[in-house]
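Colleague: Please take one residue of this model and look closely at how it sits, then work outward to the parts around it. I am a first-year student, so spell out each step.

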Amino acid sequence: MKIHEYQARELFTKYKIPVNTGRVCYTVEEVAETFDEFNQLVVIKAQVHVGGRGKAGGVKLAATREKAIEAGRNILGMEIKGIKVEKVLVARAADIEKEYYVGLINDRNSKSVVLMVSKEGGVEIEEVAKNTPELIHKFVIDPQLGLQPYQAREAAFKLFDDIKQVRQAADIMVKLYQLYVDTDSTLAEVNPMVLTPDKQVLAIDGKMNFDDNALYRQKEIEEMREVDEDEMKEIEAKSKGFSYVKLDGNIGCMVNGAGLAMATMDMINLYGGEPANFLDIGGSSNPQKVIEAMNLLVSDKNVKAVMINIFGGITRCDDVAKGLIEAMSQIETDVPVVVRLTGTNEVEGREILKGSKFYPAETMSEAARKAIELTQKVHAD
Ligand code: GDP
Ligand code: MN
């Protein structure tokens, strides 16, 4: 689960991590009122669940009431990476001498929380990790001991020379770690943490993700949930018994079994295609389920072809084929659908699909290649 920056800041404040004060605004009028109250240079920031808002024009400084209104008008309603901005944070702008990165993540290799710090703050950390990984310093935190002050200071010394700033930064890291553990977080980032000209260390951006499986014991976090369209789809899918994750590609996948779903995505990638989603519909040939899954896939505008990959075990391929035909008779879509059926009663299954508008395939690789080909045809039209 993701939260917005303004919500991360509320948690930071609760844990006494210093931030520049701000307020969330839903209208241009509220932006103007907030400017009047702060009566100083403000920063206006889109609140959406994606990074790189700065680059996309979703973060603007404003020195006057007029500029604040103009920025509010521009940012409210704009789209960032396909997500509509419905609220902005208006904060007292900090004076910045230098920007740093501080982050905590769950690291599978060390089976621990890892603290990462870098002097390359403010920019997207993924870029730094790719191009200059040596500029990111990592510290594995012992789960029994937690982040010890000496370890936090060691990390802070990678950023600052002056002991006064080292202490401030280390203090922020220890508090951030406490917040991270207390809330079952899976990611906590302060990017940037800044040094001001009067030598204060401040968090001016915050990002936090949480473990969905821990929400049952994190009521306060769960109450912060504000879902956007994509997340709404994932939640809806879950309530229907699917596991669904939206991705950026154009081939919709419908598969029975999580392992097979992963293999299907790999196969599409192998032939140069890109899956639009992960979707495990579970072990059933119920036509209603297929209809729902199909509707879910074609509601994604990026989907240009669908690949259905079914391994018949207890689920019989002829049942699945019947379900598919019934389902397609109830769905209006021009998206071509490739079906690969294998396992119990596969021959009968394929026989049923003959003459239908499905594109049959016998092997997984054939199905993947066909689906990719079909997306290219659509492109050419
Ligand atoms: P992101 O692009 O989504 O990560 O948004 P950030 O909140 O990190 O803002 C992007 C950039 O805008 C920062 O790296 C800063 O350079 C600048 N910025 C953000 N807040 C302030 C502020 O309070 N004062 C100043 N001077 N610049 C800011
Ligand atoms: Mn940032």
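Modeller: We start with asparagine 209, which counts as buried because its relative accessible area is 17%, and buried means under 20%. Bear in mind throughout that this is a predicted model. Asparagine 209 belongs to strand E12, which covers residues 207–210.

What does asparagine 209 touch, once its neighbours within four places in sequence are set aside? The contacts are Met1, Lys2, Ser185, Thr186 and Leu187. Met1 and Lys2 are residues 1 and 2 of the chain, so follow the chain on from there to its helix H1, residues 5–14. Helix H1 is mostly covered, with seven of its 10 residues buried. Those buried residues are Glu5, Tyr6, Gln7, Ala8, Arg9, Leu11 and Phe12. Just after H1 comes lysine 16, whose phi is positive, at about 60°.

Next, the ligand. Ligand 1 is surrounded by 17 residues, and the closest of these are Lys45, Arg53, Gly54, Ala94 and Glu99. By type, the shell holds eight nonpolar, five polar and four charged residues. Three atom pairs deserve a look. The side chain of lysine 45 has an N or O atom 2.6 Å from an oxygen atom of ligand 1. At asparagine 191 the partner is a polar backbone atom, and the distance to an oxygen atom of the ligand is 3.1 Å. At aspartate 205 it is again a side-chain N or O atom, which is 3.1 Å from an oxygen atom of ligand 1. The protein covers 81% of the 570 Å² of accessible area that ligand 1 has on its own. Three elements give two or more residues to this shell: strand E2 (42–46), strand E3 (59–62) and strand E10 (185–195). Strand E10 brings us back to the starting point, since its range takes in Ser185, Thr186 and Leu187, which are contacts of asparagine 209.

Now place the ligand among the domains. The protein chain is divided into domain 1 (21–92), domain 2 (98–222) and domain 3 (229–380). Domain 1 and domain 2 each give at least three residues to the shell around ligand 1. The centres of domain 2 and domain 3, taken over C-alpha atoms, are 40 Å apart.

A few other residues can be read in the manner used for asparagine 209. Serine 110 is in the loop between strand E7 (98–107) and strand E8 (112–118). Serine 110 counts as partly exposed because its relative accessible area is 25%. Serine 110 is 104 residues from alanine 214 along the chain, and 21 Å separate their C-alpha atoms.

Valine 245 lies in strand E13, residues 243–246. With a relative accessible area of 37%, valine 245 is partly exposed. Not counting residues up to four places away in sequence, valine 245 touches Glu234, Asn277 and Phe278. Lysine 2, already met as a contact of asparagine 209, is 243 residues from valine 245 in sequence, yet their C-alpha atoms are 14 Å apart.

Is glutamate 351, in helix H12, buried or partly exposed? Glutamate 351 counts as partly exposed, at 47% relative accessibility. Helix H12 runs over residues 346–353. Glutamate 351 and aspartate 318 are 33 residues apart in sequence and 8.4 Å apart in space, C-alpha to C-alpha. Serine 365 is in helix H13, residues 364–380. Serine 365 is buried, with a relative accessible area of 18%. Leaving out neighbours within four places in sequence, serine 365 is in contact with Met267 and Tyr271.

Last, the whole chain. The protein chain contains 13 helices and 18 strands, and 50% of its 381 residues count as buried. About 18,900 Å² of the chain is exposed, with carbon and sulfur atoms supplying 50% of that area. Along the principal axes, the C-alpha atoms fill a box of roughly 75 × 50 × 40 Å. Take the contacts between residues at least 6 apart in sequence: 68% of them join residues at least 24 apart. The contact of asparagine 209 with Lys2 is one pair to look up in the view.

Technical notes. Residues are numbered from 1 along each chain as its sequence is written. Chains are lettered from A and ligands numbered from 1 in the order in which they are written. This is a predicted model: local features need pLDDT of at least 70, side-chain atom pairs count only at pLDDT 80 or more; totals for chains, interfaces and linings use all residues. Side-chain values use heavy atoms; hydrogens and water are left out. A residue is near a molecule or strand if one of its heavy atoms lies within 4 Å of it. A polar contact is a pair of N or O atoms within 3.5 Å; within protein, one must be able to donate a hydrogen and the other to accept it, and residues adjacent in sequence count only if both atoms are side-chain atoms. Accessible areas come from the Shrake-Rupley method with a 1.4 Å probe; for residues, only the protein chains shown count as cover. Helices (H or I, at least four residues) and strands (E, at least two) are DSSP runs, numbered from the N terminus. Ala, Val, Leu, Ile, Met, Phe, Trp, Tyr, Cys and Pro count as nonpolar, Asp, Glu, Lys and Arg as charged, and the others, Gly among them, as polar. Domain bounds come from an automatic or database domain assignment. Buried means under 20% relative accessible area, exposed over 50%, partly exposed in between (1.4 Å probe, protein chains only). Contact means heavy atoms within 4.5 Å.
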